[in-house]
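Dear colleague,

Please find the structure below, with its sequence. I would be glad if you could look through it alongside my notes.

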Amino acid sequence: MTQSTPSVTDASASKMTLDIHEILKILPHRYPFLLIDRVLELKRKESIVAIKNVTINEPFFNGHFPGLPIMPGVLIVEAIAQAGGALLLTEVEDRNDKLMVFTGIERARFRLPVSPGDQLRIEVEVQGWRVIPRRIAARMRGVAYVAGRRVAEATVSCQLIDSARGRGEGSDDASVE
């Protein structure tokens, strides 16, 4: 059973699933850049498990590579970040006024190719989470699997900032720290 989208005030939402409609309410990404299709498990401020169904219709396969379609590693890392973003954004009531930005990628490793027909299972665990004035910063470790085999992994850092700041509005300094 899929539960409603959680918020800071939803203390009972310790473990849940999210379908694509609920993901679209949380993440600002849209086709062709939305890279998670379903959340299988979400433990608030701890971990998330999401899936991405990889199909030949993905626009990046036209050029990566003709005759040997392989999902670009950078997009697997982006899928890890989006899963982590879905976890982070469930904790924010005013998420429509926020923007999640990458602040770092560490220890990225790519072990096996991901091809059309694969289902990417993305497991992300929070390593650090802190609230500082007007933003939230997080560090998360993600591992991507296909058929139980590790295909990629990375540690990603991100910040949740006011979306006006991300567009350069409402602040003299529009840069992301």
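The notes below cover the nonpolar core, one lysine and the largest pocket.

This is a predicted model, in which local features need pLDDT of at least 70 and side-chain atom pairs count only at pLDDT 80 or more, while totals for chains, interfaces and linings use all residues. Residues are numbered from 1 along each chain as its sequence is written, and side-chain values use heavy atoms, with hydrogens and water left out.

The largest nonpolar core (buried Ala, Val, Leu, Ile, Met, Phe, Trp, Tyr and Cys residues joined through side-chain atoms within 4.5 Å) has 44 residues, of which Ile 36, Ile 48, Met 71, Val 114, Leu 120 and Ile 122 touch the most other members. Its largest share, 10 residues, comes from H2 (helices being DSSP runs of H or I with at least four residues, strands runs of E with at least two, numbered from the N terminus).

Lys 52, in strand E3 (residues 47-53), counts as buried because its relative accessibility is 4%, the limit being under 20% relative accessible area with a 1.4 Å probe and protein chains only. Leaving aside neighbours within four places in sequence, its contacts (heavy atoms within 4.5 Å) include Asp 37, Glu 58, Asp 118 and Leu 120.

The lining of the largest pocket divides into 15 nonpolar, 5 polar and 5 charged residues, where Ala, Val, Leu, Ile, Met, Phe, Trp, Tyr, Cys and Pro count as nonpolar, Asp, Glu, Lys and Arg as charged, and the others, Gly among them, as polar. E4 gives the most to this lining, with 5 residues; a pocket here is an open set of points on a 1 Å grid over the protein atoms alone, where a 1.4 Å probe fits, with protein on both sides within 12 Å along at least five of seven lines, and lining residues have an atom within 4 Å of a point.

Best regards

Definitions and conventions. Buried means under 20% relative accessible area, exposed over 50%, partly exposed in between (1.4 Å probe, protein chains only).
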